[in-house]
Amino acid sequence: MNTARLALAATALLASTALAACGSSADGAQGSAEGGAGGKADVVLRLPDPGNNGFLARGKKDGSLDQALAAVHAKAAWTGSAGPFAPAAQALSADQLDVAQGSITSAVAALAQKPGFKLFAQTAPDGVGEGILVKNDSPIKTVQDLVGRKVAVSQGGTSEYLLLKALERNGVPADQVQRVYLRADQTSGVFNSGQVDAWATWNTFSTPTIANAGAHFLVDGQAIGSDNYALWAVRNGFADKHPEVVKAFYAYLRDNGRKEKADPAAYLNVFTDSGPTAVTPAEKDVAVNVSRQAAVADVISEADTARFGTVARFFADQKVTKQLVDVKPYLIDIDTLGGGAK
């Protein structure tokens, strides 16, 4: 799924780090983009490294992604690492990434700037892997119990959206709950030590927290009626010049997403079963349950577009964005990309 979920200072720091990493990796990849099928130079598709889990990690390890891209004279170059969409969006606009994943909530925040990317694929909202976490022994039993409490959120994307959506749905004024803005990857210690009362987050962080830290969802995405789609974005120049590569990559996302959904356990710990990136035995059941209920990549339909607009309106109403963002001009019809149906 991968989101503008950072406090402003942290966003700037992450963005500069990601841009540097992406630039150095991409330069090397571009320099070696020779010798494609039939002597034709390969197009290099730059995307964030997938880590240790999921079908993209499998595709990197077994070469299946490059095999799929070879049919359109392309190959993958893994740059930096997958993470919040804010720095990835900047890297796309700066011609240092070609595709990246984020959420519609983080995309809306990024589109409020001067984006150099468009959205070409969607995955329906994660109803069971994201929500608001509380400790199992917490006195907080309902969303109304969050009044006067501290809730950790990352600013401007999925995390803040989940909290605000839960409050609105349960009739709790947003100003009666204290938002504590933290980077998602730095929140677990704060939550586990009790410095905040709850944590609005997504499956990357909820899975280990539920499995290892005695926590559960107060409400999940389904309970709050979340419209938080996961999305794939592509750099404008790349989509214009290489539509056949974008189509081939989309087909890989769709087809291999279905395979992972059918057998989630086979896509865990692709490179290693130890260390900080490994899914532990305690986390496995949680991760498998989330993946089995997850959607897979698909085209962006008119119904999806309407729900994107609902998110944009919600963020404008909640003053997360300064004005209403029109998402429609930044959407790609993958079936007709490049002038023909797939």
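## Two crossed helices, H6 and H12

In this structure, helices H6 and H12 are roughly perpendicular to each other. The description rests on their axes, which come within 11 Å and cross at roughly 85°, and an angle between 65 and 115 degrees counts as roughly perpendicular. The model is a predicted one, and the values in this report should be read with that in mind.

Where the helices meet, H6 (residues 158-169) contributes Tyr161, Leu164, Lys165 and Glu168, while H12 contributes Val311, Phe314 and Phe315. Two of these residues also take part in a contact between a charge and a ring, since Lys165 lies over the face of Phe314, at 5.6 Å from the ring centre.

## Aromatic pairs across the chain

How many aromatic pairs does a search of the whole structure find? The search finds 10. One of them joins Phe120 and Phe249, whose ring centres are 6.5 Å apart and whose planes make an angle of 55°, an arrangement classed as tilted. Phe120 belongs to strand E4 (residues 117-123) and Phe249 to helix H10 (residues 243-262), so this pair ties together parts of the chain that are 129 residues apart in sequence. Phe120 and Phe249 are both buried.

A further pair brings helix H12 back into the picture: Tyr229 and Phe308 meet edge-to-face, with 5.0 Å from centre to centre and 90° between the planes. Tyr229 is in the loop between strand E9 (215-220) and strand E10 (230-235), whereas Phe308 is in H12 (residues 302-317), so the pair links parts that are 79 residues apart in sequence. Tyr229 is buried, with a relative accessible area of 2%, and Phe308 is likewise buried, with a value of 0%. Elsewhere, Phe191, Trp199, Trp202 and Phe205 form one aromatic cluster.

## Helix H2 and its surroundings

Helix H2 covers residues 55-62, and its buried residues are Phe55, Leu56, Ala57 and Gly59. These buried residues pack against several elements, namely helix H3 (64-70), strand E2 (74-81), E10 and H10. For H2 and H10 the packing angle is about 110°, with the axes 9 Å apart, which makes H2 roughly perpendicular to H10. On the H2 side, Phe55, Leu56 and Gly59 meet Phe249, Tyr252, Leu253, Asn256, Gly257 and Glu260 of H10, and Phe249 is also the partner of Phe120 in the tilted aromatic pair.

After H2 comes Gly63, a residue whose phi is positive, near 80°. Then follows Ser64, which has its place in helix H3. Is Ser64 buried or exposed? Ser64 is buried, because its relative accessible area is 19% and the cut-off for buried is under 20%. Not counting residues up to four places away in sequence, Ser64 touches Arg58, Gly59 and Tyr252. With Tyr252 there is also a polar contact of 2.6 Å between the side chains. Arg58, for its part, has its charged end over the ring of Tyr267, 4.8 Å from the ring centre.

## Two buried threonines

Thr207 is located in helix H8 (residues 203-212) and counts as buried, at 9% relative accessibility. When neighbours within four places in sequence are left aside, Thr207 is in contact with Glu283, Val286 and Ala287.

Thr321 lies in the segment after H12 and is buried too, with a relative accessible area of 7%. What does Thr321 contact, leaving aside its neighbours within four places in sequence? The residues in contact are Val108, Ala109, Phe315 and Ala316, and Phe315 also appears in the contact between H6 and H12. Although Thr321 and Val108 are 213 residues apart in sequence, their C-alpha atoms are 8.3 Å apart in space. In addition, the side chain of Thr321 reaches the backbone oxygen of Gln323 at 3.0 Å.

Conventions
Residues numbered from 1 in each chain as written. Predicted model: local features only at pLDDT ≥ 70, side-chain atom pairs only at ≥ 80, totals over all residues. Heavy atoms only, no water. Phe/Tyr/Trp six-rings, centres within 6.5 Å; stacked < 30°, edge-to-face > 60°. Helix = DSSP H or I, 4+ residues; strand = E, 2+ residues; numbered from the N terminus. Buried < 20%, exposed > 50% of the residue type's maximum accessible area, 1.4 Å probe, protein only. Lys NZ or Arg CZ within 6 Å of the ring centre and 35° of its normal. Contact = heavy atoms within 4.5 Å. Polar contact = N/O pair within 3.5 Å; in protein donor to acceptor, adjacent residues only side chain to side chain. Axes fitted to C-alpha atoms, helices over the stretch in contact; angles between N-to-C directions. Parallel < 35°, antiparallel > 145°, perpendicular 65-115°, else oblique.
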